[in-house]
Amino acid sequence: MNRRVGYAAAVAAVVLLLGAVLSPGFASWPGLRAVLVVASFTGFVAAGQMLVVLVGGIDLSIPWVLNAAAIVLTTTGLGMADRLPLALALAIGAGLLAGLVNGLGVAWLGVPAVVMTLGMNGVMQGLTLGVSQGLTCGECGHYAPQPLRDLFAGTVPAALLVWLGAALFVTVLLTLTTFGRRVYATGANPRAAYLSGVGVKGVTVALYTLSGGFAALAGIMLVGYGGQASLGLGDPYLFESIAAVVVGGVSILGGRGHYLGVVAGSLTLVAVTTVLRAQQVPEHGRLMIYGLVILAILFAYGRERAHD
Amino acid sequence: MPAVRDLQDRLGYVVLAATALAYFAVYTTSLGRPPGSFDYLAILNTTMPLVLVALGQSLVVLTGGIDLSVGGVVSLCVAITAATGGTPGWILAVLLLGTLCGLVNGLVVAYGRIAPILTTLATLSVYTGAALWVLPVPGGSIAPEVRAVLSNPNAPTGLGWLALAVAGWWVLRRTRFGMRVYAVGSDETAARAVGVPVERVKAKVYALSGLCSAAAAVFYVATTTAGDANAGAPFILTSIASVVVGGVAFTGGKGSAMGAVAGAVALTLVIDVLFFAGIDPLYQSLFQGLFLVVAVLLGTGAALLARRRSA
């Protein structure tokens, strides 16, 4: 594990401690649980974002891939428990497909990642709005099937176990498999990786596909949490996913970073907002402090090397 | 094959010409008459803010950076302009403030050595918060005399300002500073080695982007006659799209701000084309997304072709 994961964990610990000191309910399990659940949504999108950032890419299509998956889930699940497996498969499938197209565009057609994923965001937005007629379609009002909503009930919500599973998956994939080695090799130096036999294009396609899948997973979990799908559900997660990745100590230039750091980064961001909300800081104050906190963290361990 | 290579460099103009042609065609067929002066004036006034933001964005992209905070600077400047009633004195203050916001980005990027995308992501949040602080609910106004000289609904006053922006770029790129912008973007290490003050160039470029965003904000309020603290958010992605369609390379050092201006006008026209072609507005962003990717593929395809022919 690298040093930056330690920094990210330390920052998360400091923010959580600060919260515990400032507001009474924060240190209790219900308080912490609420933070963890909300942080899990950021954690899912940031998992995908981290995978593409590791090879020096970026995924700007997260908001509407997430939103599309959420709406696919509710319109195919129709609120019925027995339709849930089908709905889940379709929602995740939609996310994976969007990610696959992103990957193919970036790796095979050579479209810059910013352009490809920005375009995909527009395409998914148009498709989502158009097909659902602005979320006015007959099936659009359905609630998420009950088993999905039950993920958020109980002392230890099953949603947190899903996050744990996702964290294990990403960590094992990146640290214990050949594929993971190839990801870091590609991120550190794509040319060197290519010359030593890494299928750089294949790796890139796989990572964008996974990012689409993680965005869809976040959409599914958000629908389970909120009960219904809505338009603009994914909008806050574009910049938040990037912020969580860098606060988590992942280098934006690629090649360095671990998901454990990103988990800490997601916790930090959500805890900051939660603490400020508990302190009844108005929205404008929250936004400004949030930005300044990110800036301070960047100054602490997000700087690039000196030039000379 | 110079003609093919030109397509890559002039992508913005080619795309703009094609879009303008499509606009003319669908407008004429759907309304039975060619667009009149009123239509051109409406396009000019609605496109001016994006043109200005895209101009600033392209300067930053030319140095190999990116400015996500344009959304926050536009929001903040819209909020102040609208809240103060947009008198000339306040507009001057707003332009100064926008430049200052940009300068802060530039200093953090250049001297703090923090990646541009991360720096401006953080300041985006700060500036948006400040905008909400100034103008918690949409509203405000703009002085009528200011409106008359900026986006007069009866005269193409915007053309003059557009010409001024174009002239500004035309002069800028011929100055030492303009050369340095390209030098930093094409190869920062080489630029440093030949004595280009890379840090100062970067700081200035972000400050200019801030100034452009502030000017865009003033135009925005003049056109809509009111302000909204979230007005700037859409400009983040659309300004990047304009730069891309305009043929400015994200790796820096290649392209021109004029391409980005053409790209901004083309992006605005596409919305009208879709409208007159009778496409359900709900599908609008689908076509905008495709437009973006296809325009870029056109550019890379042309470059590839040119390389094959010359090889």
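## Polar contacts and salt bridges between the chains

In this predicted model, four residue pairs, both members at pLDDT 80 or more, are in polar contact across the interface of chain B and chain A. The salt-bridge rule finds zero pairs across the interface of chain B and chain A.

## Composition of the chain B side

Five helices each give two or more residues to the side of chain B that touches chain A: α5 (88–111), α6 (116–134), α10 (188–193), α12 (233–245) and α14 (284–310) of chain B. The largest share comes from α6(B), with 13 residues. By residue class, this side of chain B divides into 28 nonpolar, seven polar and five charged residues.

## Extent of the interface

The contact draws 42 residues from chain A and 40 residues from chain B. Between them, the two chains bury about 3600 Å², and 79% of that area lies on carbon and sulfur atoms. On the side of chain B, the most area is lost to chain A by Arg113(B), Leu118(B) and Leu282(B), which together account for 18% of what that side buries.

## Helix α4 of chain A

Helix α4 of chain A runs over residues 84–107 and has 24 residues. From first C-alpha to last, α4(A) reaches 34 Å, close to the 34 Å expected at 1.5 Å a residue.

Buried positions in α4(A) include Leu84(A), Ala87(A), Ala91(A), Gly95(A), Ala98(A) and Gly99(A). Among the others are Asn102(A), Gly103(A), Gly105(A), Val106(A) and Ala107(A). The cover over the buried residues of α4(A) includes α3 (62–77), α5 (113–131), α6 (146–149) and α10 (200–226) of chain A.

Note on methods. Residues are numbered from 1 along each chain as its sequence is written. Chains are lettered from A and ligands numbered from 1 in the order in which they are written. This is a predicted model: local features need pLDDT of at least 70, side-chain atom pairs count only at pLDDT 80 or more; totals for chains, interfaces and linings use all residues. Side-chain values use heavy atoms; hydrogens and water are left out. Helices (H or I, at least four residues) and strands (E, at least two) are DSSP runs, numbered from the N terminus. The expected span of a helix is 1.5 Å times one less than its number of residues. Buried means under 20% relative accessible area, exposed over 50%, partly exposed in between (1.4 Å probe, protein chains only). Contact means heavy atoms within 4.5 Å. Buried area is the accessible area (1.4 Å probe) that two parts lose on being put together, summed over both. A salt bridge is a side-chain nitrogen of Lys or Arg within 4 Å of a carboxyl oxygen of Asp or Glu. A polar contact is a pair of N or O atoms within 3.5 Å; within protein, one must be able to donate a hydrogen and the other to accept it, and residues adjacent in sequence count only if both atoms are side-chain atoms. Ala, Val, Leu, Ile, Met, Phe, Trp, Tyr, Cys and Pro count as nonpolar, Asp, Glu, Lys and Arg as charged, and the others, Gly among them, as polar.
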